[in-house]
Amino acid sequence: MKRSRLTDYILLLPAFIYVSLFLSFTLFMMISQSFGLFSLLGETEGFTLQYWKSAMIQESFDSFFYSMKIGLVSSTLVVVIAYPIALILNQEIRGARIVGSLIKIPYFINAMVAAFLIINIIAYHGFLNQFLMFLGFIDEPLRMRNDDFGTGVIVIQVWKNIPFALLIITASIAGVSKDVIDAAKDLRAGPVRIFFSIYLPLTISGAVTAHILLFIMIFGDFAIYSVAGPIYPQSLTARMQLIVSNFLQWEEASVLATVLIISVIVVASTLTFISKKYIGIYEKVGYAEIKKD
Amino acid sequence: MKKVSRILLLSLVIFVLAGLPVMAGGGKEKKEASYDIAAMSWDEIVEQAKKEGTVTHYAWYWKEHWDKMAVDFEKAYGIKATVVVGDETSNFNKAVAEAKLAKGTIDVMNIGGKGVKIAFDENLFYGPLKDIIPNSKYLDKNLLQFQEGFVTKGYFIPQHRNQTGFAYNPDKVKNPPRTWAEFEKWIDEHPKQFGFNDPNKGGSGQSMVHTLIKQLAGGLEKYEGDVDVVESKVADWDNVWNWLKERKDKIVFTSSNADSIVRMNDGELDLIVAWDDDLLNKMKQGVIFDKVKMYIPEFGLAGGGDTFGIPNNAPHKAAAAVWINFLTDQAQQQAMSDGVGAYPARDDIKGTKTNLTTEDRKYAIPWFPACYKKYMIEQFTKQVLMSK
Amino acid sequence: MQKLKKISIVLFVVFCLIQLLWIGAPVFMAVLWSLVDVDTPWSYPDMFPKKLSFSQWSYAWNHTNLKRAMVTSYTVATLTSFFTLLISLPTSYILGRKKPRGKRFIETVLLLPIVLPGMVIALFVGRIFTSIGLVQSMGGIVLGHILLGIPYMTRLLTSSFESIPQDVLDAAQDLGTGRIRMIFKIYFPMIRLGFIAGTIFVFIKSIEEFNLSFILGLPTYETIPTMLYTYLGYNFHRTYASIISLILTVPNLIILLLIEQKIKTSLTPRSAAGKG
C-alpha cells in the first residue's frame, strides 16, 4: 500500500514539476533581477533599488495606465456583450448549435491574425469606411487605425474574446436547473423576474471568472497592441519587450514585469472580493423574491 | 494497477532519453580555426575560404535576391552560402547573445540603421575590413567611413545606398512642396495628408525630424565631430518640438516605414517620407500603385546605406570575406540593382532604376553624429508624442 | 410564453445576421487581400481589387520564408504534442483516478502557464535559456511550447480519466483481466477522446504560439506567427499578411470545428461516463 502511494506521487510529478520549475525559475529571475541580483549574463552588482527608480518614469506610467484601461474596458465590454448572447444561445431554437459553433471561430484565431482581420475592416480604405460612404453617412473616410485612445485595440479584443467568455458563461447558464425555472414559471414569474431572480444570481460567478481571466489576458497583451495599438503609449508588455530588445536593459524590464504580475494579482483579487459581496446580496434578494411570490 | 504505473514510468524514461538529443542540438560546437584574415593575402583567403566551404549570412530582406546570389556563389567558388532572412533586431540580439562565445554561428551580417550603435557599444565586429576586401576601393567612400552618423572606420563594407525623400500621389498632389515655405503652407492647407513614421520605429521618420532640426535649429554644421550631446547646441531644438506640437493635428505619425507607404496606397496620406529602396520594393511587390512619384525637397533629407560586417567570433571569416567581396563585384551589384532595384554601393553600375534622379540627389544631406540621433528620438517621444 | 418565443426567434435571426457580418466580413477581406494581383495593387478609391490572381500566393510560396516557417512550425508542433502527452499522462492519470491530496492546488498550478502573460514568461524563459545555450534551437522552442501545452493536455486527460466508471475497472479486475490488457482494452478506449482532443489542441496551440517562438527562435528559427509579425510590423504587407493568416488559421479551424463536439463530450465527465 505504502509503496503504491509513493509511486502515485512520483507519477504525479512530471507535469507538475515541469510547470512549477519553469514558472518559479522565471518568476524568481524576474523579481531578483529587478533588484539587480542573479543576472545570469553579465555582472551582478548586488541588491539595489536603482532599477526601480530608473524604470519609474512617465513612459512606464503611461504604458501601465494604457494597459489597465484597455484591460478593464475590453474585459467588461466582452462580458456585457457575451452574457445576453449566452442567454439567447441557451434557448432551444433550431440552429442554435450551428451558430454556437460559428460564434466560436474567433477563439481559434491567433491574436495577431484577429488584429489584422479587424484592421482591414477599420482601415481608411477598409470595409467599414467604404460601407459608410456608400450609405452616405460620411463624405470622407474616418481615421480609426492606431487611434490614441486605443478604440481599435478594444474592438479587436472584444471580437477575439467574446467566444472565450461565452464558453465560460454558457457553461454556468447551462448549470441552472430546469426545475427551478419551471417552478418560477408556475409561480407566474415573468421573464424579467426570472432573469433577475434566478439566472443572474446563479450565473454571476461564471461571468466574474470570465471577467478576471479576460482582464489578465488583455492586460498582458503584446500581439494585438503591436499590430493595432496607438503610436504612444505602448502596452506594458510591448514596452518591456522594447526595453529588452532595443536597449538590452533587462533590469528595467524586470521591474515592469514584476509590476505587471502584481497588478494582475491585485485586480483579480479585487474583482473576486467585490463579486463575492455582490453575489451574496444577489443570492439573498433573489431567493427572497421567489419566496415572496 | 502497479503495471500501469510501471508502464507510465517507463514512458517517462523514454521521454527523457528522447529529449536529450533535441536539447543537445542547440549546443553543437564548430571546429576551431586559427588564422587572421588581416594577415593573409587575398589568394590565401580565397584558398582558406574554399577549405571552409560554407558561410552563414544573416539578413532581414531580399530573400529572392540572396537565393540567386547563393547559387552563383557556389558556382564560382564552390562555397555554400546560407542566408538566413531574420529580423533586424533579433539578428543583433542573437549576435549580442553569442558575443561571449569563442565561436559564434554568424559569419556575415547586414547592418542597417538600428544595428550600428549596438555593434559599437558591444564591440561585436571584426575589422577593419576595408583593406581586406579588394572591392572596397570601388565602393562609396562616404559609406565606408560613416553610417547613420557613426564613424565606422572601414569596419563595414557598403552593400547598397539608400536615401529618404518625399513620396506623393500625383493624382492628388499636382505641385508637391519643394521649398520650406511651400512645405509649411502645404501642411496647413492639407491637414492630415502629410505623414511620417514615429522615429522610434524607422529611419525615414528619423530623417524627417533630422531635417526639421536642420531647418529650425540652425543647420547641422555645429554638431560636426561631437561624440556626446552638447547641451548648448540642442537648446534651440525646442523650436522643432513646438513646430511639431503646433501641427500635431495636421501631421499623421505612422507606425513604420512600410506603414506610411501602405497608408498612401489606402488614400489616407498623399505626401509621405519614405526610403527610395523601400518604396521601389513595395511598388514591385504590389503594395502601392506604380504612379507614385518621389523627390527630395530643397531643404534636404538624409540618406545612408546598409553594410556588411563580420562578427568577431565568426566561424568562417575567410569564406565571409570572399562572400562579401563577391556581393560587391560589379556583376553582383548590377544584379542587385536590376533585381531588387536598390541603389548600388558602386559607382560603375549602369541603368539604376531608383525613384530619385541625380538632380534630386544633390539635395541629400549627411546625418549629424549618432549621439544626437539617439537624443533626438528620446526627445521626440518626450516632447511630441507624450504631450497631449 | 408564445410572445417570448417569438421575441427570441427574432433576436436570434438578427443575431445570426450580425454574426455573419461580424465573422464573415473580416475573413472575406483577408481572402480578398490575399488575391490582389502583384501588378495591379488595390488602391484607394477602388471598392474592390481590379484584378484577382494567385500571383502573390505563388510569390510568397517561392520567394519568402514561408516554406521554412511552415516546416519549423509543424515540426515544433508535432514534437510538442508528443512530449506534452508523455509528460501529462502520468500526472493526469493520478489526478483523475487517485484523487491525491492537494488536487485543487496542483490543478491550479498546472493552469498557470496560460494565465500568466505570455510575453513575460517568454522574455524570462528566453533569459534563462540564453544562459544555458538553449535559445536559437528547435529544442528550446519545443521545451517552451510544452509548458504552454501542459495546461490543456492535463485538463483534457484528467477529465477523461475521471470519466472512467470505477465499476467497469472493478469488474474487469474481478474477471482477472491482466494489467496490459486493462490498459489497451479499458483505459485507452476510455480516454481516447481526451487523448485525441488534447493532442490536437496542443498541436494547434503550438502552431499559433507567438511570444516564445519570437523570443527563443528568431532569427534562426522562424515560425508562421513570427513571420506574420514581420509582415504586420516594420515590413507591413497586407497581401502577404493575408496569405500567412489564412495558412495559419484555416487548417486549424477545420480541424477544430470537426472535433469540437468530441472535445465537449470529453470535457463533461458525466456524459462521457454515460456513454461508457
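This is a short tour of a predicted model, with a selection to make at each stop.

**Stop 1: chain C alone**

Select chain C and colour it by secondary structure. Chain C has 12 helices and 0 strands, so every element met from the N terminus on is α, as in α-α-α-α-α-α-α-α-α-α-α-α. The radius of gyration of chain C is 23 Å, well over the 19 Å that the globule rule gives for 276 residues, so chain C is more spread out than a compact globule. Turn the chain about to see its extent: the C-alpha trace spans about 75 × 70 × 30 Å along its principal axes.

Of the 276 residues in chain C, 50% are buried. Among contacts in chain C with a separation of 6 or more, 73% are between residues 24 or more positions apart.

**Stop 2: where chain C meets chain A**

Now add chain A. Here 64 residues of chain C are in contact with 56 residues of chain A. Which elements of chain C each supply at least two residues of the side that touches chain A? They are α1 (2-34), α3, α4 (103-115), α5 (118-131), α6 (138-162), α10 (224-232) and α11 (238-267). Select α1(C) to see the element that gives the most to this side, with 15 residues. Coloured by residue class, the side of chain C that touches chain A shows 47 nonpolar, 13 polar and 4 charged residues.

**Stop 3: the largest nonpolar core**

Select Ala82(A), Met112(A), Ala115(A), Ala165(A), Leu228(C) and Ile244(C). These are the residues with the most contacts inside the largest nonpolar core, which has 196 residues. Helix α3 (residues 66-98) of chain C provides the largest share of this core, 13 residues.

Centre the view on Ile244(C). Leaving aside neighbours within four places in sequence, Ile244(C) is in contact with Ile224(C), Met227(C), Leu228(C) and Tyr231(C).

Apart from this core lies another, of 49 residues. To find that second core, select some of its members, including Val83(B), Ile132(B), Leu143(B) and Ala319(B).

**Stop 4: a strand pair in chain B**

Stay with chain B and select residues 54-59 and 80-85, which are strands β1 and β2. Do these two strands run parallel or antiparallel? They run parallel, and 6 bridges join them. Tyr58(B) stands opposite Val84(B), a residue of β2(B).

Last, add residues 63-77 of chain B, which form helix α3(B). Together, β1(B), this helix and β2(B) make a right-handed β-α-β unit.

Notes
Residues are numbered from 1 along each chain as its sequence is written. Chains are lettered from A and ligands numbered from 1 in the order in which they are written. This is a predicted model: local features need pLDDT of at least 70, side-chain atom pairs count only at pLDDT 80 or more; totals for chains, interfaces and linings use all residues. A nonpolar core is a set of buried Ala, Val, Leu, Ile, Met, Phe, Trp, Tyr and Cys residues joined through C-beta atoms within 7 Å. A residue is buried if 20 or more other C-beta atoms lie within 10 Å of its own, exposed if 12 or fewer, and partly exposed in between; C-beta atoms are placed from the backbone. Helices (H or I, at least four residues) and strands (E, at least two) are DSSP runs, numbered from the N terminus. Two residues are in contact if their C-beta atoms, placed from the backbone, lie within 7 Å. Ala, Val, Leu, Ile, Met, Phe, Trp, Tyr, Cys and Pro count as nonpolar, Asp, Glu, Lys and Arg as charged, and the others, Gly among them, as polar. The radius of gyration is taken over C-alpha atoms; the globule rule is 2.2 Å times the number of residues to the power 0.38. Two strands pair if DSSP finds at least two bridges between them. A crossover is right-handed if, with the strands pointing away from the viewer, the path from the first strand over the helix to the second runs clockwise.
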